[in-house]
Amino acid sequence: MIQIKTYVINLERSIERRSYMENQLIRFPFLQYEFISAVDGRALSEDERSNKFDEEKFKYIYRRAVRPGEIGCTLSHQKCYRYLEDNNDNYALILEDDTILKDNIERILEEIVNLLECDQSPRIILLSGWYYYTKKKKLIDRYFLADIYDGYGTYAYVVNRKAAELLLEDKSFITADDWAYIKRKGVKIQAVYPHLLITDEDCNNNLVSTISNETKLVSRKISLKQMAIYLHSLILKLFKLTGHFEKR
């Protein structure tokens with residue numbers, strides 16, 4: 001049986017969320033889970049925000065002010081990368097605390113682990129949806145592995161150590177799901193197709209994410225030039241028209 005280190009991002013005060021995840025995780029003994037105390041961007045002082053996040057650089061890149069929830073989300077995922085770097089694991093599964101775990105994940109995760117063991121180049125594999133892809137190849141059964149052009153959301157993905165090392169920043173300045181920036185850093189982004197996991201929000205239940213509720217899954221990256229924005233928008237529409245878009 002495979003053993004996968006699993007980091008679950010959860011605000012300490014969100015006891016209901018923690019219990020929700022624990023009740024799911026106990027069904028999967030191969031997931032060696034650990035709760036990571038999420039950073040609450042709304043609770044950071046001005047000095048803490050200034051020391052940990054470059055808001056001016058964010059504004060320069062995205063052409064808008066960063067939201068506190070985005071800061072918290074990004075810094076929380078940075079904590080997971082730091083944990084992965086500091087430990088002896090070659091990869092880890094990262095989950096936000098509104099993820100719904102399906103019974104069929106073990107076999108697919110085993111295939112993903114085999115891929116990461118064979119090819120240890122910097123890589124992230126999304127288990128979520130809401131992404132645009134270029135091509136895909138067979139993974140197992142009815143599932144494929146898609147190469148990502150762009151996408152949104154960070155609630156469920158596998159990351160290896162080399163990718164985590166590339167993504168660690170002394171002072172963060174991006175959204176956690178800026179996959180375009182992450183690709184430019186040298187990380188290969190792929191996704192399971194059709195997507196494997198969903199969030200509690202997708203089922204319209206009452207539990208609401210407390211990590212970055214302000215912009216969950218729908219924050220669009222903004223380029224430096226308006227022409228780049230327009231071109232990017234056209235490309236994404238083309239991906240949709242050609243059937244290369246996976247909804248969440």
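**View 1. Lining of the second largest cavity in the predicted model.** The residues around the second largest cavity divide into six nonpolar, three polar and one charged, and the volume that they enclose is about 90 Å³. The lining is made up of T74, H77, Q78, Y81, L167, E169, I174, A176, Y181 and I182. Two elements, α4 and α7 (179–184), give two or more residues to this lining, and the largest share, four residues, comes from α4. In the model as a whole, two cavities of 30 Å³ or more are counted.

**View 2. The largest nonpolar core, with I182 and its contacts.** This core has 38 residues, and those with the most contacts inside it are Y81, I124, L126, V159, I182 and I189. Helix α4 (residues 68–86) supplies the largest share of the core, five residues. When residues up to four places away in sequence are left out, I182 touches I124, L167, A176, V187 and I189. A second core, separate from this one, has 34 residues and includes L95, L145, A156 and V158. In soluble globular proteins, nonpolar side chains tend to be buried together.

**View 3. The second largest pocket.** About 210 Å³ of space lies in this pocket, which is lined by V39, K52, L75, Q78, K79, R82, L168, E169, D170, K171 and S172. By character, the lining residues divide into three nonpolar, two polar and six charged. Helix α4 provides the largest share of this pocket lining, four residues. Q78 and E169 are among the residues that line the second largest pocket, and Q78 and E169 also belong to the lining of the second largest cavity.

**View 4. The two ends of helix α3.** At the N-terminal end of helix α3 (residues 55–62), D54 acts as the cap, with a side-chain oxygen that lies 3.3 Å from the backbone nitrogen of E56. After α3 comes R63, a residue whose phi is positive, near 60 degrees.

**View 5. V113 in helix α5 and its surroundings.** V113 is part of helix α5, which covers residues 105–118. Because its relative accessibility is 8%, V113 counts as buried, the cut-off for buried being under 20%. Leaving aside residues up to four places away in sequence, V113 touches I4 and Y91. Although V113 and Q3 are 110 residues apart along the chain, their C-alpha atoms are separated by 9.5 Å.

How values were computed:
Residues numbered from 1 in each chain as written. Predicted model: local features only at pLDDT ≥ 70, side-chain atom pairs only at ≥ 80, totals over all residues. Heavy atoms only, no water. Core = buried A, V, L, I, M, F, W, Y, C linked by side-chain atoms within 4.5 Å. Buried < 20%, exposed > 50% of the residue type's maximum accessible area, 1.4 Å probe, protein only. Contact = heavy atoms within 4.5 Å. Polar contact = N/O pair within 3.5 Å; in protein donor to acceptor, adjacent residues only side chain to side chain. 1 Å grid on protein atoms, 1.4 Å probe; cavity = no way out; pocket = protein on both sides within 12 Å on 5 of 7 lines; lining within 4 Å. Points joined across faces, edges and corners; volume = space filled by probe spheres on them. Nonpolar A, V, L, I, M, F, W, Y, C, P; charged D, E, K, R; others polar.
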